[in-house]
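Q: Could we go through this model feature by feature, with the general idea first and the particular case after it?

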Amino acid sequence: AISDVERSPTITETADVTGSILELLRRRLQVVAGVDAIGIGTAGQVSPLGYVSAAMTDLYRQETHLGSWLKEKLQLPVLVRNDVQLMTLGEALYGAGRSWSVVFGVAIGSGVGGGIVRDGLLDIASDGIAGECGHVRAVDSGERRSCWCGGKGCLEVQVSGLAIEDRYHTMTGVRARATDILGSRVVDDQAG
């Protein structure tokens with residue numbers, strides 16, 4: 001239910017994301033009885049063993065084994081997967097992809113991510129990043145923006161929310177969130 005959703009503050013340079021996740025889970029476990037295991041979807045590349053390498057440098061300070069760390073702290077089994085892969089699994093099992101044997105999901109937010117589900121099973125591949133489409137080269141010539149991954153012209157630095165914010169700032173000198181830019185609130189505010 002919507003009333004069960006708890007949001008954390010915006011991530012800053014000094015934020016302790018892993019500590020925030022731990023505290024959120026501890027609070028939820030105090031009010032929800034009978035929890036046998038925890039599943040977490042997170043941005044970034046997640047290895048099959050649950051190591052998280054963040055797609056954005058400000059999400060986690062370094063590669064972290066989030067699942068093992070939380071398992072130790074909470075004394076419960078913890079499975080960590082990429083958030084877009086889990087979104088795709090949800091669509092394949094309960095949403096628009098229910099009747100399809102292969103479902104490919106794409107999410108565009110602060111970054112660009114993807115996931116693949118085959119016959120109702122999440123495909124993560126041997127490296128955990130099956131379906132990752134944000135780092136496919138989208139621009140082959142002209143403006144090939146540098147990506148955090150070290151590549152140039154990746155889809156993520158062309159169409160993500162962060163890319164939209166960066167381009168808007170370059171064009172107008174105004175810093176704004178992509179949701180405001182796309183919702184034209186910033187454009188309307190600047191005109192008024």
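Q: Which strand gives the most to the nonpolar patch?

A: This is a predicted model, in which local features need pLDDT of at least 70 and side-chain atom pairs count only at pLDDT 80 or more, while totals for chains, interfaces and linings use all residues. Residues are numbered from 1 along each chain as its sequence is written, and side-chain values use heavy atoms, with hydrogens and water left out. Strand β6 (residues 102-108) gives the most, with three residues; strands (E, at least two residues) and helices (H or I, at least four) are DSSP runs numbered from the N terminus. The patch, of about 360 Å², is made by F104, V106, I108 and V159.

Q: Is I108, in strand β6, buried or exposed?

A: I108 counts as exposed, because its relative accessibility is 57%, where exposed means over 50%, buried under 20% and partly exposed in between (1.4 Å probe, protein chains only).

Q: How should a positive phi be read, and where is D119 found?

A: Most residues other than glycine have a negative phi. D119 has a phi near 50°, although this residue is not glycine, and is found in the loop between β7 (112-118) and β8 (121-123); D119 is exposed, at a relative accessible area of 64%. A125, also not a glycine, has a positive phi of about 65° and lies in the loop between β8 and α4 (156-159), where A125 counts as partly exposed at 37% relative accessibility.

Q: Which residues of α1 are buried?

A: An α-helix has 3.6 residues a turn, so residues three or four places apart point the same way. In α1, the buried residues are V17, T18, G19, I21, L22 and L25.

Methods. Patch = residues over 30% accessible without salt bridge, like charges linked within 9 Å, V, L, I, M, F, W, Y side chains within 5 Å. Areas by Shrake-Rupley, 256 points an atom, 1.4 Å probe, with all protein chains shown as cover. Salt bridge = Lys/Arg side-chain N within 4 Å of Asp/Glu carboxyl O.
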